[in-house]
Amino acid sequence: MHSRGTDDSALLEPRDRRRRLARTRPAHRPPARPSPGEDLAALRAGLGRNAGEVPAMWRFYTCPVDDQLAQRGQWSVEQRAEHAALALYGLHQQSKSISMHHPKVPLGKALHRLRTSERFSAQAVDARVNAAATSTRPAALLMRLRGLVDQLRVINQPVDYDGLMRLVQDWHYEDRRRSARRRWAVEYQVWAQQDDARANGAASNDGAPTPS
């Protein structure tokens, strides 16, 4: 009766067996984290697209999922507003070393700074802002905002993107859209009035006699 050959690995202690396996199988390397440029490119891919249509953006969504809508393949207004804000931020932040999101700079204030930047004519900025503010559909608003955000990017002017997300969300409802439009107008006009007052004050001081 012949004895069967024995596999050497069967005689190894468990610890020795683990060491041999570690030497023979390839080391596992987790996938590299996408670079910031790739993250922003993923966000920009959402421009002009509906929420959920760009898989690369899914990991950036934070809004709660409405189970009933999800079962019907639909997205909530909040999710759609978040998608739009993320996509606009991806456009705004492209090639920038400083953050283009600033929680204390509402959209109206940022757009007034665009108006006074002298990079674009005040009349042209007024016309663009008016076209955006008088739009009645979220899709039209987003199309106008895309052009304005592109100009804000040129002058390195940040915006509060949490506030912008709320603006887009409000634009889906007629009563909230009217309220958001008034708030936007106040932001834009108040900062214009303050800047005019400062300019007039500076002019008055320039013309005042110097005390002897």
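**Figure 1. Lining of the largest pocket in the predicted model**. By class, nine nonpolar, five polar and three charged residues form this lining; Ala, Val, Leu, Ile, Met, Phe, Trp, Tyr, Cys and Pro count as nonpolar, Asp, Glu, Lys and Arg as charged, and the others, Gly among them, as polar. The largest pocket has a volume of about 360 Å³. Of its 17 lining residues, Arg49, Asn50, Ala84, Ala139 and Leu142 are the closest to the centre. Helix H4 (77-93) and H7 each supply at least two residues of the lining. A pocket is an open set of points on a 1 Å grid over the protein atoms alone where a 1.4 Å probe fits, with protein on both sides within 12 Å along at least five of seven lines, and lining residues have an atom within 4 Å of a point. The volume is the space filled by probe spheres set on the points, which are joined across faces, edges and corners.

**Figure 2. Packing of helix H6 against helix H7**. H6 (residues 122-133) and H7 (residues 138-154) pack at an angle of about 150 degrees, with their axes 8 Å apart. H6 is therefore roughly antiparallel to H7 (a term for angles over 145 degrees). Axes are lines fitted to C-alpha atoms over the stretch in contact, and angles run from 0 to 180 degrees between N-to-C directions; helices are DSSP runs (H or I, at least four residues) numbered from the N terminus. In H6, Arg128, Val129, Ala131 and Ala132 meet Leu141, Arg144, Gly147, Leu148 and Gln151 of H7, where contact means heavy atoms within 4.5 Å. This contact has five nonpolar, two polar and two charged residues.

**Figure 3. Crossing of helix H5 and helix H7**. The axes of H5 (residues 107-115) and H7 come within 10 Å and cross at roughly 60 degrees. H5 is therefore oblique to H7 (oblique covers angles that are not under 35, over 145 or 65 to 115 degrees). Leu107, Ala110, Leu111 and Leu114 of H5 meet Leu145, Leu148, Gln151 and Leu152 of H7. Seven nonpolar, one polar and no charged residues make up this contact.

**Figure 4. Surroundings of Arg153 in helix H7**. Arg153 touches Leu91, His92, Gln94, Ser95 and Lys96, not counting residues up to four places away in sequence. Arg153 and Ser95 are 58 residues apart in sequence, and their C-alpha atoms are 9.6 Å apart in space.

Residues are numbered from 1 along each chain as its sequence is written, and side-chain values use heavy atoms, with hydrogens and water left out. In this predicted model, local features need pLDDT of at least 70 and side-chain atom pairs count only at pLDDT 80 or more, whereas totals for chains, interfaces and linings use all residues.
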